[in-house]
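I opened this model to go through its sheets, its chain contact and a few backbone details, and I kept the notes below in the order in which I looked things up.

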Protein chains: 2
Amino acid sequence: MPLRYTYLGPEGTFSEQALRTLPEVADAVVTAARSVPEALDAVRADEADAALVPLENSVGGAVAVTLDELASGAPLMITREVVLPVQFVLGARAGIDLDAVTTIAAHPQAAAQCRNWLRKNAPGATVVEVLSNAAAAIGAAGGEYDAGICAPIGAARHGLRLLGENIADHADAMTRFALVTRPAVPAPPTGDDATSLVVFIAHDRVGALLQVLTEFALRGVNLTRIESRPTGERLGRYMFFFDCEGHVAEARLGEALMGLHRVSADVRFLGSYPRARLDGRAGGAEFAPGTTDADYAEAADWLTRLRAGGI
Amino acid sequence: MPLRYTYLGPEGTFSEQALRTLPEVADAVVTAARSVPEALDAVRADEADAALVPLENSVGGAVAVTLDELASGAPLMITREVVLPVQFVLGARAGIDLDAVTTIAAHPQAAAQCRNWLRKNAPGATVVEVLSNAAAAIGAAGGEYDAGICAPIGAARHGLRLLGENIADHADAMTRFALVTRPAVPAPPTGDDATSLVVFIAHDRVGALLQVLTEFALRGVNLTRIESRPTGERLGRYMFFFDCEGHVAEARLGEALMGLHRVSADVRFLGSYPRARLDGRAGGAEFAPGTTDADYAEAADWLTRLRAGGI
């Protein structure tokens, strides 16, 4: 039976574009979901085997709905990350030239990210805010607006002609997506992995977040992302999303996780998965002195000898 | 000349409702801004004396655009905070009853926050997403939709009849707003103040965030909020918004700020202001042992004696 994938739709989103970069998707059944919760619930209900959803953007920041959904409900697991350059295009129906454009449909985030380009290239046009990049493409294709800011795949899907390519002001903006499945044994370490967690801070302790960060630092575990989100209880109550280098199978990360489990109100493990290296950084995890698996094994042997009366 | 206030408009938003809670606004000239950047730029350009904008919500989290705008551009200062319960209402034109409602306009955040109420009380209605709570009220008033989810002030402003009050699922959801002015000498401490900062982490140092948190903890400065936001440079680069208890005039907070200034890439002071206590918590700052102004003064005297050959 072919694998069943879903993604944050509608058709033509950056999420679909990210999903299509995975070679195994060519043979799969692919369905668009109307929202991130719908995509993840389809995986929970075994109506899909995996969902591709956005996690964070280097300009817009965390995708709050994805974080909130991963932190609550039946547990899910990130098995893969995809990093995609954000390449907005301005698309229009055939026959409409840039000078003739008076209305441009755009998601507010997209409009904000393309502000300078629009000011320079379409100073007379009015930007009309719509609810998604795909809706902008659909609005331009249907004639509701003269043009729309969307993903390249959205313009292609709706037969739009490109009036501008790479129109985002931050030319190197990136979006990071996660492929999410039901919980399973994580794939073995590749030597260049990332691990994602949600930590619910014990709010009755002073300095609880400091203690959490110390648990990572003590074991030489490098944090690559920290996002706070309200728990929804009241102002001042947060959960923290951490991404760190390393794999749950490594001793240093295992000990850090046990430490977090001891000192936090709750920890939800969101998966260990190979790092995507599309942003040009060198790959490969580094181990601070004394933090390799061999160091941990040797220290455990030493303690065993001590307890047995050795030295 | 009367003071000039602006707020995140259009008329009828929660921001207007928060602004109207300030007694001095009764005599002021009040203008709606079309966006948070427009509101803050009006203050920067001296077209307004103060702007009221949303900072965070206990369910939806940080208002990213406000944080990003405060962290960049000409510096501004928070001189006051307003905490408002989020009380969504469902409004409709006269003559439309709840059973007859087939379409409901709502901002996606509002729809998400009222999901359970809608499921129970309007199971047959379709929610149509619009770009603001005020747009939902306008759409319901104009007949484009049967009803709209909005702020109480929005329903009143557009003559809507209330089909439901307090319809949010988290009955105690709160939104925190900031009154922002041009930089000035902060008002003197009230004994129950908060201070806001943006810290740009030195990314070339391992454990830089741990060091930042330690600067606060060492001086017994209690953090009440931490939000990370991307700097826009690339994935993995963050700035951190901190709210802490205390006033910049206090010795403990002064020393913590100097410490942050020394170990961070940059620190932007966003103001010290009286805490709003609408969420029922007890007021009044607490000082850990050894962290009062008197303790700091006594320690400085002691060091001076040591350096002078005393003991």
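**Entry 1: the open sheet of chain A.** I began with the strand order in this predicted model, and in chain A I found an open sheet of five strands that runs β8-β7-β9-β6-β10 with mixed pairing. I then asked which strands of chain A stand at the edges. They are β8 (126–129) and β10 (161–164) of chain A, and each of them pairs on one side only. For the twist I noted that neighbouring strands of this sheet are turned against each other by 35 degrees on average, with direction ignored.

I followed one edge further and saw that β6 (residues 89–92) of chain A runs antiparallel to β10(A), the two being joined by three bridges. Within this region Leu90(A) stands opposite Gly164(A), which belongs to β10(A). On the question of which helix lies across the strands, I noted α6 (residues 133–141) of chain A, which lies across β6, β7 (103–106) and β9 (147–150) of chain A and runs at about 155 degrees to β9(A).

**Entry 2: the open sheet of chain B.** I looked up the sheet of chain B next, and I wrote down five strands in an open sheet, in the order β8-β7-β9-β6-β10 and with mixed pairing. Here β8 (126–129) and β10 (161–164) of chain B each have a single partner strand, so one side of each is left without a neighbour in the sheet. From one strand to the next the twist averages 35 degrees.

In chain B I chose a parallel pair to look at, namely β7 (residues 103–106) and β9 (residues 147–150) of chain B, which pair over two bridges. Ala105(B) stands opposite Gly148(B), a residue of β9(B). Helix α6 (residues 133–141) of chain B packs on this sheet, where it touches β6 (89–92), β7 and β9 of chain B, and its direction makes about 155 degrees with that of β9(B).

**Entry 3: the contact between the chains.** How many residues does each chain bring to the contact? I recorded 35 residues from chain B and 35 residues from chain A. The area buried between the two chains is about 3,000 Å², and carbon and sulfur atoms give 59% of that area. On the side of chain B, Leu131(B), Leu210(B) and Leu235(B) supply 22% of the area that this chain buries against chain A, which is more than any other three residues supply.

I then turned to polar links, and the count of salt bridges between chain B and chain A came out as zero. Polar contacts are present, however, and the rule finds six residue pairs across this interface, with both residues of a pair at pLDDT 80 or more. The elements of chain B that give two or more residues to the side touching chain A are β3 (50–57), β11 (174–181), α8 (208–218), β13 (223–230) and β14 (238–245). Of these I marked β13(B), which gives the most, with seven residues. By class, the residues on this side of chain B divide into 15 nonpolar, 10 polar and 10 charged.

**Entry 4: salt bridges.** Over all chains I noted 44 salt bridges in the structure. One pair that I looked up is Glu11(B) with Arg157(B), whose closest N and O atoms are 3.0 Å apart. Why does this pair tie together parts that are 146 residues apart in sequence? Glu11(B) lies in the loop between β1 (4–8) and α1 (14–19) of chain B, whereas Arg157(B) lies in helix α7 (residues 152–157) of chain B, so the salt bridge joins parts with that separation.

**Entry 5: backbone details.** I checked the peptide bond from Gly9(A) to Pro10(A) and found it cis, with omega near 0 degrees; Pro10(A) is found in the loop between β1 (4–8) and α1 (14–19) of chain A. In chain B a cis peptide bond joins Gly9(B) and Pro10(B), with omega about 0 degrees, and Pro10(B) is found in the loop between β1 and α1 of chain B. Last, I noted Asp46(A), a residue other than glycine with a positive phi, near 65 degrees; Asp46(A) lies in the loop between α2 (36–44) and β3 (50–57) of chain A.

Notes
Residues are numbered from 1 along each chain as its sequence is written. Chains are lettered from A and ligands numbered from 1 in the order in which they are written. This is a predicted model: local features need pLDDT of at least 70, side-chain atom pairs count only at pLDDT 80 or more; totals for chains, interfaces and linings use all residues. Side-chain values use heavy atoms; hydrogens and water are left out. Contact means heavy atoms within 4.5 Å. Buried area is the accessible area (1.4 Å probe) that two parts lose on being put together, summed over both. A salt bridge is a side-chain nitrogen of Lys or Arg within 4 Å of a carboxyl oxygen of Asp or Glu. A polar contact is a pair of N or O atoms within 3.5 Å; within protein, one must be able to donate a hydrogen and the other to accept it, and residues adjacent in sequence count only if both atoms are side-chain atoms. Helices (H or I, at least four residues) and strands (E, at least two) are DSSP runs, numbered from the N terminus. Ala, Val, Leu, Ile, Met, Phe, Trp, Tyr, Cys and Pro count as nonpolar, Asp, Glu, Lys and Arg as charged, and the others, Gly among them, as polar. Two strands pair if DSSP finds at least two bridges between them. Axes are lines fitted to C-alpha atoms, for helices over the stretch in contact, and angles run from 0 to 180 degrees between N-to-C directions.
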